[in-house]
Amino acid sequence: MHLVSRRLSALLLPLLLAGCIFGGGREERRPAPRPRGSKPVTVVGQTPRDTQQCYADLSRAGVRFSPLPDRDYGGGCLVLGAVQLIDFGTPTAGLKAIRCPTARAFVGWVQHGVGPAARQILGSDVVRIESYGSYVCRGIVGQGAAGSAKLSQHGLANAIDIGGFVLADGRRISIEQGWRSGDPAVQQFLQVVHRSACRRFKTVLGPDYNAAHYNHLHFDMGGRGDFCR
């Protein structure tokens, strides 16, 4: 009897271990680490349910977008569940791949934060937003040498940097010039849209955070808690 039990245990052990490794029969499709700068490869797998829900939320909000293939760029840089925003009412320069939840937060911020604030405080509509981009495979600026810095949320297509706004009346409101502007209305507008972003993104950084953000607002959906500076 004991011999049968031992043989049965020996047969079951590999199956139990497989269950631990693959999560009960569901293999986690995470690519093996590759050096930064490697040739991009497509990551094959099913679209997660939360990403599908995000697509539905964008469609329901009237946003035109294109889902992008999942890609591994090496060095930890991954673009998973990302979209290309095509039209959501306010042209925004410089945007590339953005993870869908970050894109959803950004669209909400523009439509319900930036637009109303510009009309109420500056008396004009925002007709264009200037960005310094979304996805780029790099470390966090200001954290040591380029190859040693912790991976930025930009390397996960999970962040957006905003540099300024163009109004219908021709004015251009930049973060660099306007954050400490002598015009109280401009200052108020930028402070309001900054606070509005803090209610939508997990991390919001501006000129008051550090010198690296003197000319832009950084938004991302990384981290475990909210951080607004």
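**Rings, cores and a small sheet**

The side chain of Arg99 places a polar atom 3.3 Å from the backbone oxygen of Leu80. This contact is a friendly place to enter the structure, which is a predicted model. Arg99 belongs to strand 7, made of residues 98-99. With a relative accessible area of 32%, Arg99 is partly exposed. Beyond its neighbours within four places in sequence, Arg99 touches two stretches of chain: Leu80, Gly81 and Ala82, and also Leu156, Ala157 and Asn158. Along the chain, Arg99 and Asp220 are 121 residues apart, yet their C-alpha atoms are separated by 10.0 Å.

One of the contacts of Arg99 is Ala157, a residue with a backbone feature of its own. Phi of Ala157 is near 55°, which is a positive value in a residue other than glycine. Ala157 sits in the loop between strand 8 and strand 9. Its relative accessibility is 0%, so Ala157 counts as buried.

Attention now turns to a sheet. Three strands make up an open sheet, ordered 1-3-4 and paired in antiparallel fashion. Its edges are strand 1 (41-42) and strand 4 (77-79), each of which pairs on one side only. Strand 3, residues 71-74, is joined to strand 4 by 3 bridges, and these two strands run antiparallel. Across this pairing, Arg71 faces Val79 of strand 4.

Aromatic rings offer another view of the fold. The model holds 9 aromatic pairs. In one of them, Tyr73 and Tyr135 have ring centres 5.2 Å apart and planes at 35°, a tilted arrangement. This pair bridges distant parts of the chain, 62 residues apart: Tyr73 lies in strand 3, whereas Tyr135 lies in the loop between strand 8 (126-133) and strand 9 (159-167). The two partners differ in burial: Tyr73 is partly exposed because its relative accessibility is 25%, whereas Tyr135, at 13%, counts as buried.

A further pair joins Trp109 and Phe219; it is edge-to-face because the planes stand at 70°, with the centres 4.8 Å apart. Trp109 comes from helix 3 (residues 100-122) and Phe219 from strand 12 (residues 217-220), so this pair ties together parts that are 110 residues apart in sequence. Both Trp109 and Phe219 are buried. They also take part in a wider cluster, in which ring pairs link Phe88, Phe106, Trp109, Phe165, Phe189, Phe201 and Phe219.

Several of these names return in the nonpolar interior. The largest nonpolar core comprises 40 residues, and the residues with the most contacts inside it are Leu85, Phe106, Trp109, Phe165, Phe189 and Leu190. Two or more residues come from each of helix 2 (49-60), strand 5 (82-87), helix 3, strand 8, strand 9, helix 5 (184-198) and strand 12. Helix 3 contributes the most, giving 11 residues to this core. Which residues does Phe189 contact, leaving aside its neighbours within four places in sequence? Its partners are Val114, Ala117, Ala118, Ile121, Leu122, Phe165 and Ile173. Apart from the largest core, a second and separate one has 6 residues, including Cys77, Val79, Ala82 and Tyr135. Members of this second core have appeared above: Val79 stands opposite Arg71, Ala82 is in contact with Arg99, and Tyr135 pairs with Tyr73.

Technical notes:
Residues are numbered from 1 along each chain as its sequence is written. This is a predicted model: local features need pLDDT of at least 70, side-chain atom pairs count only at pLDDT 80 or more; totals for chains, interfaces and linings use all residues. Side-chain values use heavy atoms; hydrogens and water are left out. Two strands pair if DSSP finds at least two bridges between them. Helices (H or I, at least four residues) and strands (E, at least two) are DSSP runs, numbered from the N terminus. Rings of Phe, Tyr and Trp (its six-membered ring) pair if their centres lie within 6.5 Å; planes under 30 degrees apart count as stacked, over 60 as edge-to-face and the rest as tilted. Buried means under 20% relative accessible area, exposed over 50%, partly exposed in between (1.4 Å probe, protein chains only). A nonpolar core is a set of buried Ala, Val, Leu, Ile, Met, Phe, Trp, Tyr and Cys residues joined through side-chain atoms within 4.5 Å. Contact means heavy atoms within 4.5 Å. A polar contact is a pair of N or O atoms within 3.5 Å; within protein, one must be able to donate a hydrogen and the other to accept it, and residues adjacent in sequence count only if both atoms are side-chain atoms.
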